Amino acid sequence: SKRIIFGTIEKRVFKGIKIQDALMFSQLIVVVFILWYTERLIVFNPNLGDSPSYLLFPFTPLSELLSSHRTLGLPLVLGIYNFFFENLYWWPFFQVLIYFSSILYLYKTLNLPQFSSYLPILICSGLLWNPATFSNFRYVETQALAATFHVLTIALLFRVVILGGKKYFSLLGLVIFFLWQIRPNMAIFLMLLPIWGFFSMILITRVNFRKSIYFSSKLFLLCLIPIVIWCSLRYFIVGNFG
């Protein structure tokens with residue numbers, strides 16, 4: 001009877017595990033091993049390159065924060081990291097963790113019924129094995145973190161399109177603003193996100209042209225308004241719009 005009970009449990013457990021899920025998680029393990037074996041999880045000298053300007057970012061007074069030639073994104077993440085760790089030894093692991101978490105969130109999003117069953121594993125495998133991101137986990141710079149928030153942006157956009165709701169829309173706005181704070185050249189999302197949103201609405205939800213335009217306009221304002229507020233604040237306090 002014990003064999004029958006455990007056999008039934010085993011079948012139920014393995015029945016709930018999709019081949020794509022097993023492949024996804026096995027890839028994660030292999031990628032972490034490769035990163036460790038190739039010494040890409042050893043932090044690069046934080047006294048070189050752009051790292052010191054992020055590590056020494058002035059949070060106070062407000063005029064110093066706004067007049068810095070660096071933006072708030074990476075220094076704020078470093079502040080959160082430093083709250084838990086006393087040195088930068090774990091920084092590459094920290095970046096790997098949040099990057100992989102963003103990919104898993106996208107993977108979960110792409111498993112919604114509106115997408116093909118093969119799409120999640122194809123897209124997320126490509127992101128996992130991206131050589132450009134591979135090379136940047138060990139640096140105290142913005143590349144890996146920007147990639148993380150870029151992936152989150154795409155995942156949240158799909159969730160807004162499919163599931164709707166103010167929660168995901170507000171969260172998308174926050175992530176977009178923070179992505180811009182990490183790398184100011186990501187202000188290009190002012191143009192990209194509305195275009196992506198327009199075609200996502202048409203191709204995924206099959207709504208009409210008018211509703212897609214309306215949704216695209218909302219995305220444009222979602223990107224624009226926080227940036228304008230931030231830059232206006234900078235102008236009135238520092239005297240430079242940025």
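**Exercise 1. In which helix does Thr133 lie, and is Thr133 buried or exposed?**

Keep in mind that this is a predicted model.

*Step 1.* Find residues 131–134, which form helix H8; Thr133 lies there.

*Step 2.* Look up the relative accessible area of Thr133, which is 6%. Buried means under 20%, so Thr133 is buried.

*Step 3.* Now look for partners further along the chain. Leaving aside neighbours within four places in sequence, Thr133 is in contact with Tyr99 and Ala147.

**Exercise 2. Describe the overall make-up of the chain, and find where the predictor is least confident.**

*Step 1.* Count the elements: the chain has twelve helices and zero strands.

*Step 2.* Turn to confidence. The average pLDDT of the chain is 87, and 93% of the residues score at least 70.

*Step 3.* Compare the elements. Helix H1 (residues 2–15) has the lowest mean pLDDT, 45, while H6 has the highest, 95. Over residues 2–16 the pLDDT is below 50, and this stretch has zero contacts in the model beyond near neighbours in sequence.

*Step 4.* Draw the lesson: where pLDDT is low, the predicted coordinates should not be read in detail.

**Exercise 3. Explore the largest nonpolar core, and say which helix gives the largest share of it.**

*Step 1.* Start with the members. This core has 59 residues, and those touching the most other members are Leu35, Trp91, Phe100, Phe149, Leu172, Leu193 and Leu219.

*Step 2.* Trace where the core comes from. The helices that each supply at least two residues include H2 (19–37), H6 (91–110) and H12 (209–238). The largest share, 14 residues, comes from H9.

*Step 3.* Zoom in on one member. Not counting residues up to four places away in sequence, Phe100 touches Leu28, Val31, Val32, Leu35 and Leu128.

*Step 4.* Look for another core. A second, separate one has nine residues, including Leu65, Phe177, Trp230 and Cys231.

**Exercise 4. Is Phe84 buried or exposed, and which patch does Phe84 belong to?**

*Step 1.* Locate Phe84 in helix H5, residues 73–84.

*Step 2.* Check its relative accessibility, which is 59%. Exposed means over 50%, so Phe84 counts as exposed.

*Step 3.* Set this beside a broader tendency: in soluble globular proteins, nonpolar side chains tend to be buried together.

*Step 4.* Find the company Phe84 keeps. Together with Phe59, Leu76, Ile80, Phe83, Phe85, Tyr89 and Trp90, Phe84 forms a nonpolar patch on the surface, with about 870 Å² of accessible area together.

Terms used:
Residues numbered from 1 in each chain as written. Predicted model: local features only at pLDDT ≥ 70, side-chain atom pairs only at ≥ 80, totals over all residues. Heavy atoms only, no water. Helix = DSSP H or I, 4+ residues; strand = E, 2+ residues; numbered from the N terminus. Buried < 20%, exposed > 50% of the residue type's maximum accessible area, 1.4 Å probe, protein only. Contact = heavy atoms within 4.5 Å. Patch = residues over 30% accessible without salt bridge, like charges linked within 9 Å, V, L, I, M, F, W, Y side chains within 5 Å. Areas by Shrake-Rupley, 256 points an atom, 1.4 Å probe, with all protein chains shown as cover. Salt bridge = Lys/Arg side-chain N within 4 Å of Asp/Glu carboxyl O. Core = buried A, V, L, I, M, F, W, Y, C linked by side-chain atoms within 4.5 Å. pLDDT = per-residue confidence, 0-100.
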